[in-house]
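The following exercises concern a single molecular structure. Each task is followed by a solution that proceeds step by step.

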Amino acid sequence: MQLVINNLSKTYPNGVHALKEVNLTIPNGMFGLLGPNGAGKSSLMRTLATLQEADSGSVFLDEMNVLEDKEGVRKILGYLPQEFGLYPKVSAETLLTHIAYLKGITSHREREETVKALLHKVNLYDVRKKNLGTFSGGMKQRFGIAQALIGNPKLIIVDEPTAGLDPTERNRFHNLLSEIGENTIVILSTHIVEDVSHLCNNMAIICKGEVLITGHPTQIIDAMQGKIWKKTVEKEELQHYIQEQKVISTTLFAGKSVIHVYLDEQPDASFIPVEADLEDVYFTVISDKTSVITL
Ligand SMILES: Nc1ncnc2c1ncn2[C@@H]1O[C@H](COP(=O)(O)OP(=O)(O)OP(=O)(O)O)[C@@H](O)[C@H]1O
């Protein structure tokens, strides 16, 4: 299966160009859509989830015209939006059963079995009778993925699922996502670089509505090897380096600034080479679009 997005554009009534001629080809497996706040990730996710209209462009899931055949898409879609409300006074089991019914599982027995299996999968079976209002953020996100998985969707969209989760819950969530079948397209939208490097076999970086780079994370990182240089500088020198070099990120360490610079050749002997990682790629490609990021 393949999702092919061609020249997708969206301008909101207030004039914000949220998507500018977006082109992406998304194969089966986990696809990371990485970008800073306001990049256009949710706009793209909502469009793919048939919840908002694009101005122009096309999206095809194999033969299916995603922008036109909304009913068809909804039958094979699992969607975990960035923000979702849960009825606080309803138990996890009751709400999941209700959603399963709304998603078309009309047989009582099948519904029961589906809900039970999903509650086990997301490790909420023991708390299935508890009201959702008592759930922690991580438990709510796991409930969110359970509802997205009802009906074995072929296209799963999860929008910034790990923002606000503690490391244990994030890990748990990652494991859950990585268990989703290989014959499914999972699009994970996030501003957390680590989420993509841990999970995704394909990715894109988007900023200000434009796709800046797309491909396999390892290949993208490899293309940057030998071009990232590091130097520890005094805080007062920082501005000088930002003006003189292509500083992609600065980190504070023991009161000093550690800068990463992108350049084909070593700037001078005081810079040491560093092995590039996805964070360097991310900051390099978005640094043309934004100002230098301080970690
Ligand atoms: N309904 C809307 N009306 C007007 N502008 C909008 C609307 N939704 C989003 N925008 C604007 O479109 C741009 C892209 O927003 P979007 O929510 O798609 O980005 P994002 O990458 O998901 O950001 P975040 O990580 O902060 O959620 C932003 O400038 C945002 O303010």
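**Exercise 1. Confidence and overall make-up**

Task: Establish how confident the predictor is in the chain, and describe the chain's secondary structure and extent.

Solution. The model is a predicted one. Its chain has an average pLDDT of 92, and 98% of the residues reach at least 70. For the complex, the predictor reports an ipTM of 0.96 and a pTM of 0.90. Turning to the fold, ten helices and 15 strands make up the secondary structure of the chain. Along the principal axes, the C-alpha atoms occupy a box of roughly 70 × 45 × 35 Å. Burial applies to 38% of the 295 residues. Finally, when contacts between residues at least 6 apart in sequence are considered, 69% of them link residues at least 24 apart.

**Exercise 2. Domains and their contact**

Task: Identify the domains of the chain and determine which elements of domain 1 face domain 2.

Solution. The chain separates into domain 1 (2–215) and domain 2 (222–294). A distance of 34 Å lies between the C-alpha centres of domain 1 and domain 2. Contact between them involves ten residues of domain 1 and seven residues of domain 2. On the domain 1 side, α7 (193–199), β9 (202–207) and β10 (210–215) contribute at least two residues each. The largest share of that side comes from α7, with three residues.

The UniProt record, an unreviewed entry, sets the feature "domain: ABC transporter" at residues 3–233. Over this range the chain is 33% helix and 29% strand, with 46 Å between the end C-alpha atoms.

**Exercise 3. The largest nonpolar core**

Task: Find which residues touch the most other members of the largest nonpolar core, and trace the contacts of V186.

Solution. The core comprises 77 residues, and those touching the most other members are F31, A146, I157, V186, L188 and Y282. Helix α10 (residues 278–287) is the greatest contributor to this core, providing six residues. Both domain 1 (2–215) and domain 2 (222–294) supply at least three residues to this core. With neighbours within four places in sequence set aside, the contacts of V186 are M30, F31, I156, L177 and I180.

**Exercise 4. Helix α5**

Task: Compare the span of α5 with its expected value, and state what covers its buried residues.

Solution. Helix α5 contains twelve residues, and its first and last C-alpha atoms are 17 Å apart, close to the 16 Å expected at 1.5 Å a residue. The buried residues in α5 are Q141, R142, F143, G144, I145, A146, Q147 and A148. Their cover includes β6 (77–80), α3 (92–102), α4, β7 (155–159) and α6 (167–178). One of these buried residues, A146, is also among the residues that touch the most other members of the largest nonpolar core.

**Exercise 5. Positive phi outside glycine**

Task: Locate N123 and A254, and classify the exposure of N123 and of A254.

Solution. N123 has a phi near 60°, which is positive although the residue is not glycine. N123 sits in the loop between α4 (108–121) and α5 (137–148). N123 is classed as partly exposed because it has 15 C-beta neighbours inside 10 Å. A254, likewise not a glycine, has a positive phi near 50°. The loop between β12 (247–253) and β13 (256–262) holds A254. Because 6 other C-beta atoms lie within 10 Å, A254 is exposed; the cut-off for this class is 12 or fewer.

Conventions. Residues numbered from 1 in each chain as written. Predicted model: local features only at pLDDT ≥ 70, side-chain atom pairs only at ≥ 80, totals over all residues. pLDDT = per-residue confidence, 0-100. Helix = DSSP H or I, 4+ residues; strand = E, 2+ residues; numbered from the N terminus. Buried ≥ 20, exposed ≤ 12 C-beta atoms within 10 Å, placed from the backbone. UniProt positions renumbered as here; feature names shortened; annotations may be inferred. Core = buried A, V, L, I, M, F, W, Y, C linked by C-beta atoms within 7 Å. Domains from an automatic or database assignment. Contact = placed C-beta atoms within 7 Å. Expected span 1.5 Å × (residues − 1).
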